[in-house]
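Visitor: I'm new to this structure, and I'd like a close look at a single part of it. Could you pick one chain and walk me through how it is put together and what it touches?

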Amino acid sequence: MSFLEKIREKLPFEIGKSETSEGKEANLLLGKPEPFGDEKLSANVPPKKNLIGALLDKIRPKREKTSALDAADALAAPGEEGYSPLIASALKTEKSPTDERILDAPPEIDESLLEGVEPPKSILLYVMKGAFAFIVVLGIVAILFFMSQTTHRLDFVTNSLNIPSVLDELDKENAEIKDLQTELNIYRFLQGKFYLNQVSYYGDEYLRNYYIKWNSTIPEEERKAALAEMTKLKEKIVKAFDLAAEKLTKKKGIVLIDLSIEDDSQYEVIFENLLSQKLEEKASGLASESANEAASEDVGSTVDSGGKLYSQTRQLVSNTELFALLQNTNIKALDEHEFKDLIKQINSIVENELGSIQKIKEARINWSDIMNQIELVTSYVDQYFSEGYYEALGGIQYTSYDFDTSTGEITITGVTKRYDTTNFTMITNLIDQLNASSYFTGVEMKSFTKSGSADEGYTSTLSLKVQLQKEALEDPDDKIVPDAIPEFLEKETGVSVSGISVSGINKNE
Amino acid sequence: MAKVNYQEIIDKQKRGITFYTVLCVLFVGLIGAYTYFNWVDYSLHKEAVAQNETVIQDLKSQTVSEKSEYQNQKKLFDDLSDGIDASLKEVFPAGDDYTELTRAFDHFESETDRNNNKFVISNIEYQDIQVSEDGAYKCLPLRMTISSSEENFTKFLQYIEKSGSLLDKVRLMDIQSIHMSFDESENSSGVINFSVKINAYFQNI
């Protein structure tokens with residue numbers, strides 16, 4: 001049974017079937033034609049009680065009185081066939097009120113009898129109302145569905161009724177991804193930290209050998225061994241550096257579908273924060289564990305060392321300078337000076353104890369090398385400096401040195417001895433030579449005094465204040481080559497640097 | 001009058017039909033549009049859920065792989081960390097540890113001093129502890145007076161200059177000043193008297 005049929009059954013009147021006798025009469029009143037054919041066949045259906053029927057019952061006696069006349073009129077006016085005799089008569093009267101009036105004036109319809117008569121209910125209206133209600137319900141269902149699935153507004157319902165929500169599912173998955181990615185990042189960063197430790201550890205050894213190699217006061221064999229060691233260490237450092245770069249420069253974030261995040265670049269920051277937070281939790285967890293287990297020294301130290309590892313690893317998370325260095329450095333192409341600088345740079349930007357050590361090491365001055373430079377420069381002026389020929393041949397003899405790291409100032413005092421009276425030339429040569437060195441600057445002496453005789457030799461005291469050029473100490477390329485003799489000594493001074501022959505002369509004479 | 005009411009009701013019904021038809025069309029349109037856009041959103045969510053499942057699987061396998069790589073090398077890493085920590089205890093200790101430092105000087109002296117190659121520390125004087133400007137470390141200043149041959153003097157300077165190496169495990173130190181004087185007699189015998197001011201560093205914990 002269709003929906004329309006159901007509605008039809010519910011209605012108080014018949015649709016598409018022959019009317020009841022009352023209905024027929026109502027139709028007559030309305031001037032509607034009588035049913036015929038199939039419609040007539042259905043006339044046997046028992047009539048339904050309705051208002052129209054009741055009203056027609058009221059007017060029936062009047063109709064019976066005029067029935068004979070009506071029948072005659074109906075016969076006399078075949079042109080009005082579609083209408084009931086009563087209506088036809090009325091029409092006839094209207095058309096020719098004077099000429100064709102055979103009978104008395106037709107009875108007037110008591111329209112007041114139609115008061116309170118309602119027209120039949122419109123099925124279409126019911127259908128439309130029903131359809132509208134259905135659409136509204138459908139709309140509410142749709143709204144509730146989407147609201148429960150794509151927003152959190154109905155979470156209290158979906159959670160209490162255990163209704164699955166795609167947004168909840170997505171949120172759970174996003175949270176799981178965040179956890180997994182953070183765990184992955186932790187393992188990567190812990191490994192990265194260890195590789196950086198390797199770089200620092202081997203780097204420390206490399207720097208030590210670098211110092212040996214470039215310190216002219218150290219024997220040649222030791223320096224050669226240091227160079228060989230540097231080559232081996234470089235391989236290890238390059239490997240550790242590449243592995244650290246691989247672990248630490250990978251993307252830390254994943255782009256998630258999350259309505260609260262508008263810019264995808266925020267994910268990198270979000271995952272960085274998660275990583276920092278997790279490492280911090282682990283560090284503080286281990287730190288408190290260490291404090292609790294302080295009674296057991298071994299366990300405490302292991303736990304404490306783990307806490308320090310997590311804490312130091314956390315410092316790496318936002319170290320963009322380090323990431324840029326790891327990403328942009330072609331470590332294999334670096335020469336030994338650049339390599340040394342790279343190790344120092346890594347130690348300075350990675351926060352650990354080695355960083356502090358590195359800072360101290362960088363600030364200190366290798367005085368042995370400075371002293372060696374002074375002796376070397378002096379030997380350009382006095383060929384037999386510190387070889388024991390001072391008394392016999394003259395030359396330069398220092399009596400005291402004062403080195404001050406905080407000011408970078410060196411005070412040198414000494415004596416020059418010459419048998420040819422050129423003490424002042426020797427001193428000024430020394431001043432010029434010291435100033436020409438990349439190690440020193442601001443060397444001067446404005447007062448010259450000399451005493452002695454040709455037999456005993458002329459002596460002149462010297463007191464020099466020398467300022468260190470700290471930048472030059474960092475650059476091994478500026479180191480003086482011991483075999484080179486400064487040009488100005490040969491061309492300009494006229495003072496012999498070769499001196500007289502020392503053969504047969506006792507050093508201590 | 002009644003006829004008019006009757007007709008009015010019919011008209012009202014017709015108007016009602018029109019009204020509900022319009023409402024239905026309007027609501028169908030609105031709900032259709034709402035459903036369409038929300039369905040797109042819902043589909044995206046469903047798609048994201050499906051994508052996330054793949055991502056989760058991928059991440060799980062990556063995490064397992066990274067974890068096992070970490071676990072495999074953990075022993076090496078721990079050994080290295082322990083080695084560094086052990087070296088740091090000597091090179092850059094947590095406290096001033098001046099007793100250990102004094103023993104280290106004594107050890108150097110006994111290793112260096114020879115009959116024909118003198119190295120004798122005649123005085124060590126520790127001063128007040130200082131903290132670096134940035135608070136990263138502390139230092140223990142000390143002054144030493146030493147008589148030494150020139151060769152051992154250079155060795156001593158190198159000993160201080162190489163200090164702080166994790167390999168040598170010598171306490172991190174730095175020469176602040178040196179005062180050397182040569183007496184003619186000493187100079188001839190190759191002995192240098194010098195006093196040196198040194199900073200010995202330790203952690204600021």
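Guide: Let's begin with helix α3 of chain B, where Asn152(B), Phe153(B), Phe156(B), Leu157(B), Ile160(B) and Glu161(B) are buried. An α-helix has 3.6 residues a turn, so residues three or four places apart point the same way. Keep in mind that this is a predicted model. You can also check the helix by its length: α3(B) covers residues 150-161, and at 1.5 Å a residue its twelve residues should span 16 Å. The C-alpha atoms at its two ends are 16 Å apart, so the model agrees with that expectation.

Now step back to the chain around this helix. Chain B has four helices and five strands, and if you follow the sequence they come in the pattern α-α-β-β-β-α-β-α-β. Of its 205 residues, 22% count as buried. Looking at contacts in chain B with a separation of 6 or more, 63% are between residues 24 or more positions apart.

The strands are a good place to see such pairings, and β3(B), residues 137-149, is the one to follow. Strand β1(B), residues 119-126, pairs with β3(B) in the antiparallel sense over seven bridges; look there for Ile121(B), which stands opposite Ile146(B). Strand β2(B), residues 130-131, is also antiparallel to β3(B), joined to it by two bridges. Here Val131(B) has Lys138(B) as its bridge partner. Together β2(B) and β3(B) make a hairpin with five residues between them, and in the turn you'll find Gly135(B) with a positive phi of about 75°. Then there is β5(B), which pairs with β3(B) in the antiparallel sense over 13 bridges. In that pairing, Tyr137(B) sits opposite Gln203(B).

Tyr137(B) turns up again when you look at Tyr201(B). Setting aside neighbours within four places in sequence, Tyr201(B) is in contact with Phe92(B), Tyr137(B), Cys139(B) and Leu172(B), and also with Ile360(A) from the other chain. Tyr201(B) belongs to the largest nonpolar core, which has 92 residues. It is among the members that touch the most others, along with Val199(A), Tyr206(A), Ala244(A), Ile178(B) and Ala200(B). Helix α9 of chain A, residues 166-214, gives the most to this core, with 14 residues. As a general point, nonpolar side chains tend to be buried together in soluble globular proteins.

That brings us to where the two chains meet. The contact takes 68 residues from chain B and 72 residues from chain A. On the chain B side, the elements giving two or more residues are α1 (2-91), α3, β4 (173-181) and β5 (191-203), so our starting helix is back in the picture. Of these, α1(B) gives the most, with 43 residues. By class, this side of chain B has 37 nonpolar, 20 polar and eleven charged residues.

The chains also share a strand pairing: β1 of chain A, residues 395-404, and β4(B) pair in the antiparallel sense over five bridges. If you want one spot to zoom in on, try Asp404(A), which stands opposite Ser177(B) in β4(B).

Notes
Residues numbered from 1 in each chain as written. Chains lettered and ligands numbered in written order. Predicted model: local features only at pLDDT ≥ 70, side-chain atom pairs only at ≥ 80, totals over all residues. Core = buried A, V, L, I, M, F, W, Y, C linked by C-beta atoms within 7 Å. Buried ≥ 20, exposed ≤ 12 C-beta atoms within 10 Å, placed from the backbone. Contact = placed C-beta atoms within 7 Å. Expected span 1.5 Å × (residues − 1). Nonpolar A, V, L, I, M, F, W, Y, C, P; charged D, E, K, R; others polar. Pairing = 2+ DSSP bridges.
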